[in-house]
Amino acid sequence: MLDPIADKAMVVIALMVIIGFSSWSPWLVLPATVILFREVFVSGLREYLGDVAGTLKVTRLAKWKTTLQLLALGALIFGGAVHGPPPVLLEDAARPLSEQWIHLVGLGSLWGAAILTVITGWDYLRV
């Protein structure tokens with residue numbers, strides 16, 4: 001039962017650290033907010049349902065969402081998001097090009113995860 005809580009805590013803490021160190025860039029804040037709201041909503045829903053929460057099955061799409069989230073977090077950290085504002089579409093000469101590409105992969109993965117978050121959150125809401 002603690003495994004889903006640990007996954008959510010890891011994602012939430014990592015997102016907050018990345019946002020805090022990236023000067024609150026809207027390109028990071030918007031998808032991160034969507035992801036945070038969904039994580040809190042699903043955790044609350046499972047808590048509210050109690051013993052019946054077992055009927056809320058984890059879908060394959062939700063597993064892809066988690067995979068994209070973790071890929072995004074790793075790429076954003078590795079790509080230097082915690083070292084200051086994100087690069088502006090490969091025009092930041094102060095950062096190596098490889099670091100900028102990794103950051104853009106992380107940013108794209110975060111937006112992909114946010115889209116899947118909305119879809120899977122809607123699936124939970126319908127149930």
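## Glu 39 and its salt bridges

In this predicted model, Glu 39 is buried, with a relative accessible area of 4%. The residue pairs with Lys 8 in a salt bridge whose closest N and O atoms lie 3.1 Å apart. This pair ties together distant parts of the chain, since Glu 39 belongs to helix α2 (residues 26-49) and Lys 8 to helix α1, with their positions 31 residues apart. Lys 8 is itself buried, at a relative accessible area of 17%, because the cut-off for burial is under 20%.

A further salt bridge joins the side chains of Lys 65 and Glu 39, at 3.1 Å from N to O. Here too the connection spans distant parts of the chain: Lys 65 lies in helix α3 and Glu 39 in helix α2, 26 residues apart. Lys 65 and Glu 39 are both buried. Through shared partners, the salt bridges join Lys 8, Arg 38, Glu 39 and Lys 65 into one network.

Arg 38 enters this network by a salt bridge with Glu 39, in which the closest N and O atoms are 4.0 Å apart. Both of these residues are buried. The structure holds 3 salt bridges in total. Side chains of opposite charge can pair when their charged atoms come close.

## Helix α3

Helix α3 covers residues 60-78, a run of 19 residues. From its first C-alpha to its last, the helix reaches 27 Å, close to the 27 Å expected at 1.5 Å a residue. Gly 80 follows α3 and has a positive phi, near 90 degrees.

The buried residues of α3 are Ala 62, Lys 65, Gln 69, Ala 72, Leu 73, Ala 75 and Leu 76. Gln 69, located in this helix, has a relative accessible area of 2% and is therefore counted as buried. Apart from its neighbours within four places in sequence, Gln 69 is in contact with Val 11, Ile 35, Glu 39, Ala 113 and Thr 117. Glu 39, the salt-bridge partner of Lys 65, is thus among the contacts of Gln 69.

## Trp 64 and the nonpolar surface patch

Trp 64 is also placed in helix α3, but this residue counts as exposed because its relative accessibility is 54%, against a cut-off of over 50%. The C-alpha atoms of Trp 64 and Thr 117 are separated by 9.8 Å, although the two residues are 53 positions apart along the chain.

On the surface, Leu 61, Trp 64, Ile 115 and Ile 119 form a nonpolar patch. Together these residues have about 390 Å² of accessible area. Helices α3 and α4 (97-126) each supply at least two residues of the patch.

## Overall architecture and confidence

The secondary structure consists of 4 helices and 0 strands, arranged as α-α-α-α from the N terminus on. Of the 127 residues in the protein, 37% are buried. Among contacts with a separation of 6 or more, 72% are between residues 24 or more positions apart. The accessible surface of the protein comes to about 7800 Å², and carbon and sulfur atoms account for 74% of this area.

The mean pLDDT of the protein is 79, and 79% of the residues score at least 70. Among the elements, α3 has the highest mean pLDDT, at 89, while helix α1 (residues 2-21) has the lowest, at 80.

Terms used. Residues numbered from 1 in each chain as written. Heavy atoms only, no water. Expected span 1.5 Å × (residues − 1). Buried < 20%, exposed > 50% of the residue type's maximum accessible area, 1.4 Å probe, protein only. Patch = residues over 30% accessible without salt bridge, like charges linked within 9 Å, V, L, I, M, F, W, Y side chains within 5 Å. Areas by Shrake-Rupley, 256 points an atom, 1.4 Å probe, with all protein chains shown as cover. pLDDT = per-residue confidence, 0-100. Contact = heavy atoms within 4.5 Å.
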